[in-house]
Amino acid sequence: HSACITALKSSSDSDYLASASVDNLIKVSNIKTGQCLKKIESGHLPSPNHLLFSEDGTQLISCCSSIKV
């Protein structure tokens, strides 16, 4: 990331770490090797501040604080 980290979340099997940043990128990395496996443009404004892996670790959900219910 080129800016401050706003969220971190590990998968339930502890194989992956997702990070979100003010640079509006979400990165998914292998925890054991540190290798970045995927970079995703978040599309959130402001930047994402919550991340959640599905129970099986195959999906990642992100959201930001501008959503009101």
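Student: How do you know how many disulfides the structure has?

Tutor: In this predicted model, a search of the whole structure finds zero disulfides. Cys63 takes part in none, and the nearest cysteine sulfur to its own, that of Cys64, is 6.9 Å away.

Student: Why is the sulfur of Cys64 not counted as bonded to that of Cys63?

Tutor: A disulfide requires two cysteine sulfur atoms within 2.5 Å. The closest cysteine sulfur to that of Cys64 is in Cys63 at 6.9 Å, which is too far for a bond, and therefore the pair does not meet the cut-off.

Student: What makes Cys63 buried, partly exposed or exposed?

Tutor: Buried means under 20% relative accessible area and exposed means over 50%, with partly exposed in between. Cys63 has a relative accessibility of 28%, so it counts as partly exposed. Cys64, in contrast, has 7%, and because this is under 20% it counts as buried.

Student: What pattern does the protein follow along the sequence, and how many helices and strands does it have?

Tutor: There are zero helices and six strands in the protein, and reading along the sequence gives the pattern β-β-β-β-β-β.

Student: Why is the protein called as compact as a globular protein of its length?

Tutor: The radius of gyration of the protein is 12 Å, and the globule rule gives 11 Å for 69 residues; the two values are close, so the protein is described as being as compact as a globular protein of that length. Taken along the principal axes, the C-alpha atoms fill a box of roughly 35 × 30 × 15 Å. Of the 69 residues, 29% count as buried, and the protein exposes about 4700 Å², of which carbon and sulfur atoms supply 54%.

Student: What makes the phi of Ser14 worth a remark, and where is Ser14 found?

Tutor: Most residues other than glycine have a negative phi. Ser14 is not a glycine, yet it has a positive phi of about 60°, and it is found in the loop between β1 (5–10) and β2 (16–21). With a relative accessibility of 42%, which lies between 20% and 50%, Ser14 counts as partly exposed.

Student: What is the phi of Asn24, and why is Asn24 called buried?

Tutor: Asn24, although not a glycine, has a positive phi of about 65°, and its place is in the loop between β2 and β3 (25–30). The relative accessible area of Asn24 is 17%, which is under 20%, so Asn24 is buried.

Student: Why is Ser10 called partly exposed, and with which residues is it in contact?

Tutor: Ser10, whose place is in strand β1, has a relative accessible area of 36%, and because this is neither under 20% nor over 50%, Ser10 is partly exposed. Leaving aside neighbours within four places in sequence, Ser10 is in contact with Tyr16, Leu17, Ile31 and Phe53. From C-alpha to C-alpha, Ser10 and Leu51 are 9.1 Å apart in space, while 41 residues separate them in sequence.

Student: What makes Gly57 buried, and where is its place?

Tutor: The place of Gly57 is in the loop between β5 (50–53) and β6 (60–63). Gly57 has a relative accessible area of 19%, which is under the 20% cut-off, and therefore Gly57 is buried. Gly57 and Leu37 are 20 residues apart in sequence, and their C-alpha atoms are 14 Å apart in space.

How values were computed: Residues are numbered from 1 along each chain as its sequence is written. This is a predicted model: local features need pLDDT of at least 70, side-chain atom pairs count only at pLDDT 80 or more; totals for chains, interfaces and linings use all residues. Side-chain values use heavy atoms; hydrogens and water are left out. Buried means under 20% relative accessible area, exposed over 50%, partly exposed in between (1.4 Å probe, protein chains only). Helices (H or I, at least four residues) and strands (E, at least two) are DSSP runs, numbered from the N terminus. The radius of gyration is taken over C-alpha atoms; the globule rule is 2.2 Å times the number of residues to the power 0.38. Accessible areas come from the Shrake-Rupley method with a 1.4 Å probe; for residues, only the protein chains shown count as cover. Contact means heavy atoms within 4.5 Å.
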